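Biologist: Could we go through this structure together, with the reasons behind the words we use for it? I am new to this, so please take it step by step.

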Amino acid sequence: MNETVAPGGAALRARAEIDLAAVRANVEVLRAQAPGAAFMAVVKADGYGHGAAPCARAAVEAGATWLGTATPQEALALRAPGAGVPDDVRIMCWLWTPGGPWREAVEANLDVSLSGMWALDEVMEAARLAGRPARVQLKADTGLGRGGCQPGDDWTELVEGALRAEAAGLVRVTGLWSHFACADEPGHPSIAPQLTRFREMIAYAQGRGVDPEVRHIANSPATLTLPESHFDLVRPGIAMYGVSPSPEIGAPADLGLHPAMTLSASLALVKHVPAGHGVSYGHHYVTPGATTLGLVPLGYADGIPRHASSTGPVLVEGKWRTVAGRVAMDQFVVDLGGDEPGPGAEAVLFGPGDRGEPTAEDWAQAAGTIGYEIVTRIGSRVPRVYVNEGSGT
Ligand SMILES: Cc1ncc(COP(=O)(O)O)c(C=O)c1O
């Protein structure tokens, strides 16, 4: 769980400000893209680093009726009274391992995903112990080649087993679902075959008598670009935080999205150094002339990618600076080119870009990764500061 602090608290080494109005607005934008579908806000991995419970509440305020997580522990935490998530919001989790907290999940009225017979056996036993049916969603591997049940005999066995469990009063099959491999690459040749296979696997299950509440496959890029994939529910994650799924889909502003996280730090030190001065471990940066250096008190322990050494952009007093040399565990240095901001001056690593600061997409490019990783990896040592919380929170 991330440390959280109230706005206006004591001066902070660093902070990740989370604009919950942006989350609400993004959910509204995405819902407008899929007007016929219910909305599952994906808040796994602590809301992609933004804080699961505050973002879940914001999404619900903006019309989400479902929440999605990877692990059952993440889902159970959202059912805890302190999370402030209304009881009638459905919560689904999909990443199970044998011996997981099936009984707690059944008792907490979670929707649990099943990809194979071992999971059906475990959830049936949990339902017996809990004395109530489990809400289960059958996951089809329509081509991602990761989780999910293979089409053909495996799917037949899982569907028939689930129907027997339903007849015995142990489960209710609430959903049929899948996940895309390449929706972030519009026009990718895997997209149409995945949709076809999904329709076939749904048709088989429904033909045998499964009567799901929801059928779903659309992540953020599919919600934004593939209306034919919306079915009964869309399941966006990254876009609700205002980060683009990929440069090919567009920048956040092109998509009507507003980045919710601004990561900044207070300069810990500003000092003059002569020309030829090596900077940070390995001396991969050597000052080209006499200059000033600013010490940014964030490092790879805080989730700043070491791969952004010598490339990551930072806004200091209205100017873009670049990480000088290596990102260390707790700190890195920027060459301020002779400018002399005072210690404590704000260094903005990324944000919406409204003030001219870099974005998460800029950091992704600098570090050779994706925006998802940039925001999700920001560590628990960085306090989250929430702004624009809604009236219901
Ligand atoms: C199963 C599943 N559904 C939905 C999502 C949301 O995807 P995105 O963040 O691309 O919207 C994810 C995230 O990876 C996922 O694993």
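Biologist: Which residues are buried in helix 7?

Modeller: This is a predicted model, so we are reading computed values. In helix 7, the buried residues are Trp155, Leu158, Val159, Glu160, Gly161, Ala162, Leu163 and Ala165. They pack against strand 6, helix 6, strand 7, strand 8 and helix 8.

Biologist: What is the span of helix 7, and what is expected?

Modeller: Helix 7 covers residues 153–167, which is 15 residues. From its first C-alpha to its last, helix 7 reaches 21 Å, close to the 21 Å expected at 1.5 Å a residue.

Biologist: And what follows helix 7?

Modeller: Gly169 does, with a positive phi near 80°.

Biologist: Which phi value does Tyr48 have, and where does Tyr48 lie?

Modeller: Tyr48 lies in helix 2, residues 44–48. Its phi is near 50°, a positive value in a residue other than glycine.

Biologist: Why is Tyr48 called buried?

Modeller: Buried means under 20% relative accessible area. Tyr48 has 8%, so Tyr48 is buried.

Biologist: Why does Ser310 count as partly exposed?

Modeller: The label partly exposed covers what falls between under 20% and over 50%. Ser310 is at 38%, and therefore Ser310 counts as partly exposed. Ser310 also has a positive phi of about 65° although it is not a glycine, and it lies in the loop between strand 15 and strand 16.

Biologist: Let us turn to empty space. How many cavities of 30 Å³ or more does a search of the whole structure find?

Modeller: The search finds one. The largest cavity has a volume of about 30 Å³, and among the residues that line it are Tyr241, Met261, Phe350, Gly351 and Val375.

Biologist: What makes one residue of that lining polar?

Modeller: The lining divides into eight nonpolar, one polar and no charged. Gly counts as polar in this scheme, and Gly351 is in the lining, so Gly351 is the polar one.

Biologist: What is the volume of the largest pocket, and which residues lie nearest its centre?

Modeller: The largest pocket has a volume of about 820 Å³. Of the 37 residues that line it, Lys44, Trp94, Leu144, Arg146 and His179 lie nearest its centre. Helix 2 gives the largest share of the lining, three residues.

Biologist: How does the lining of the largest pocket divide by class?

Modeller: It has 22 nonpolar, 10 polar and five charged residues. Lys44 and Arg146 are in this lining, and because Lys and Arg count as charged, Lys44 and Arg146 belong to the charged class.

Methods. Residues numbered from 1 in each chain as written. Predicted model: local features only at pLDDT ≥ 70, side-chain atom pairs only at ≥ 80, totals over all residues. Heavy atoms only, no water. Helix = DSSP H or I, 4+ residues; strand = E, 2+ residues; numbered from the N terminus. Expected span 1.5 Å × (residues − 1). Buried < 20%, exposed > 50% of the residue type's maximum accessible area, 1.4 Å probe, protein only. Contact = heavy atoms within 4.5 Å. 1 Å grid on protein atoms, 1.4 Å probe; cavity = no way out; pocket = protein on both sides within 12 Å on 5 of 7 lines; lining within 4 Å. Points joined across faces, edges and corners; volume = space filled by probe spheres on them.
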